[in-house]
Amino acid sequence: MSKLVTIYGGSGFVGRHIAQRMAKEGWRVRVAVRRPNEAMFVKPYGSVGQVEPVFCNVRDDASVAGVMAGADAVVNCVGILSDRGKNTFDSVQHEGAERIARIAAEQGVATMVHLSAIADTETESDYATSKALGEEGVLQHMPNAMILRPSVIFGQDDGFYNRFASMSRMGPVLPIIGGDTKFQPVFVDDVAQAAVKGVLGQAEGVYELGGPEVKTLRGWIDEMLAVVQRRRGVVNLPFWVGNLMAFGLGALQTVTFGLVHNSVLTKDQVKLLRVDNVVAEGAKGFDDLGIRPLAPETIMPDYLWRYRPSGQYDAIKDSARNLKI
Ligand SMILES: NC(=O)c1ccc[n+]([C@@H]2O[C@H](COP(=O)([O-])OP(=O)(O)OC[C@H]3O[C@@H](n4cnc5c(N)ncnc54)[C@H](OP(=O)(O)O)[C@@H]3O)[C@@H](O)[C@H]2O)c1
């Protein structure tokens, strides 16, 4: 029998890359999510029956244990950017992570990989606090676990470049918050490669993952604008304006009893945007894993072309213009 890995949150942006890589390694993969019916796209990652989406809610002991039965390794990719109903930072990123580790220890699972994040607890953001408590909980039960702390992650379906590229289509001005804050974007498949090393038992401990370049948010936006071939006035709004916007959007969510969910900007995110999001000096990283991370400029054109003024026809229009001359 080939080995089995349960990937909690395996249908998400990062989880699906890990699922794909584990299937290529010949493992059976269980993708444990709340909406397996929306995760059917993972099935073709392997041969028939090799990759299976299954129902699980990490907020529930029995649910977590059920999908872990028989697993040789577990990966936790469940994370959120804002509280939604019972899926809160604490219940998911702290208690959920700890629950997976506790049950993995009880079931004698050999290895665990946990996706955390570079998030400074001094920001006093709930996101950062829950990530720190989650890591603590994981290590308490699975001391040999691999913990990955990536900076912002980019790739085909990212929520970083796609979001700003989409905003750049709306008008001549592109407002941002935290323009002077530094980021070290890391390619999603590089994060997946690191996780696979953990699953295979080739690495353990805490790793901070960042790409080869550090720039301010404004610097990364300028680079994205060059790729989508649009000129925009990037306006760096002060943090108090960010807080005001977050307050307004939060109030809208409250008065609509959550029907309108604020996934644009929360007060917690404004706190995080105040602090640089880069790999700490002396932290273990890609070098220690023998992985050479890819730079955003090598990947961005592959998926941001759709935001160009003429989408995939931009290049052909350019060459047609040359023909006329
Ligand atoms: N993306 C980034 O830039 C970034 C940067 C640093 C760290 N990280 C961390 O990396 C991890 C993966 O991030 P991502 O971007 O891949 O997130 P994502 O795309 O939002 O995926 C989250 C996954 O978790 C599942 N999920 C959510 N709540 C759940 C619950 N209660 N029980 C079971 N499954 C649940 C979702 O599926 P269902 O909704 O169907 O349940 C989905 O499969 C997270 O821990 C995140 O904090 C991400």
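A helix, as the word is used in this report, is a DSSP run of H or I that is at least four residues long, and helices are numbered from the N terminus. The structure described here is a predicted model.

**The sheet**

Seven strands make up an open sheet whose order is 3-2-1-4-5-6-11, and the pairing within this sheet is parallel. At its edges stand strand 3 (51-55) and strand 11 (205-209), each of which pairs on one side only. On average, and with direction ignored, neighbouring strands of the sheet are turned by 20° against each other. One of the pairings joins strand 1 (residues 4-8) to strand 2 (residues 28-33), in the parallel sense and over five bridges, and here T6 stands opposite R30 in strand 2. Helix 6 (residues 188-199) lies across several strands, namely strand 1, strand 4 (73-76), strand 5 (111-115), strand 6 (146-150) and strand 11, and helix 6 runs at about 170° to strand 6.

**An enclosed helix**

Helix 7 (residues 217-227) is largely enclosed by the rest of the structure, because eight of its 11 residues are buried. The buried residues are L217, G219, W220, I221, E223, M224, L225 and V227. The elements against which these buried residues of helix 7 pack are set out below.

| Element | Residues |
|---|---|
| Helix 5 | 161-167 |
| Strand 8 | 173-177 |
| Strand 9 | 182-183 |
| Strand 12 | 215-216 |
| Strand 13 | 233-237 |
| Helix 11 | 296-304 |

Just after helix 7, Q229 takes a positive phi of about 55°.

**The second largest pocket and A246**

The second largest pocket has a volume of about 260 Å³ and is lined by 16 residues, among which S82, N262, T266, K267 and D268 lie nearest its centre. Two elements, helix 8 (239-255) and helix 9 (267-273), each give two or more residues to this lining, and the largest share, five residues, comes from helix 8. Sorted by class, the lining of the second largest pocket holds four nonpolar, seven polar and five charged residues.

Helix 8 is also where A246 is found. With a relative accessible area of 5%, A246 counts as buried, because that term applies to values under 20%. Leaving aside residues up to four places away in sequence, A246 touches N262, L265, T266, K267 and V270; N262, T266 and K267 are also among the residues that lie nearest the centre of the second largest pocket. By contrast, A246 and N144 are 102 residues apart in sequence and 39 Å apart in space, C-alpha to C-alpha.

Note on methods
Residues numbered from 1 in each chain as written. Predicted model: local features only at pLDDT ≥ 70, side-chain atom pairs only at ≥ 80, totals over all residues. Heavy atoms only, no water. Pairing = 2+ DSSP bridges. Axes fitted to C-alpha atoms, helices over the stretch in contact; angles between N-to-C directions. Contact = heavy atoms within 4.5 Å. 1 Å grid on protein atoms, 1.4 Å probe; cavity = no way out; pocket = protein on both sides within 12 Å on 5 of 7 lines; lining within 4 Å. Points joined across faces, edges and corners; volume = space filled by probe spheres on them. Nonpolar A, V, L, I, M, F, W, Y, C, P; charged D, E, K, R; others polar. Buried < 20%, exposed > 50% of the residue type's maximum accessible area, 1.4 Å probe, protein only.
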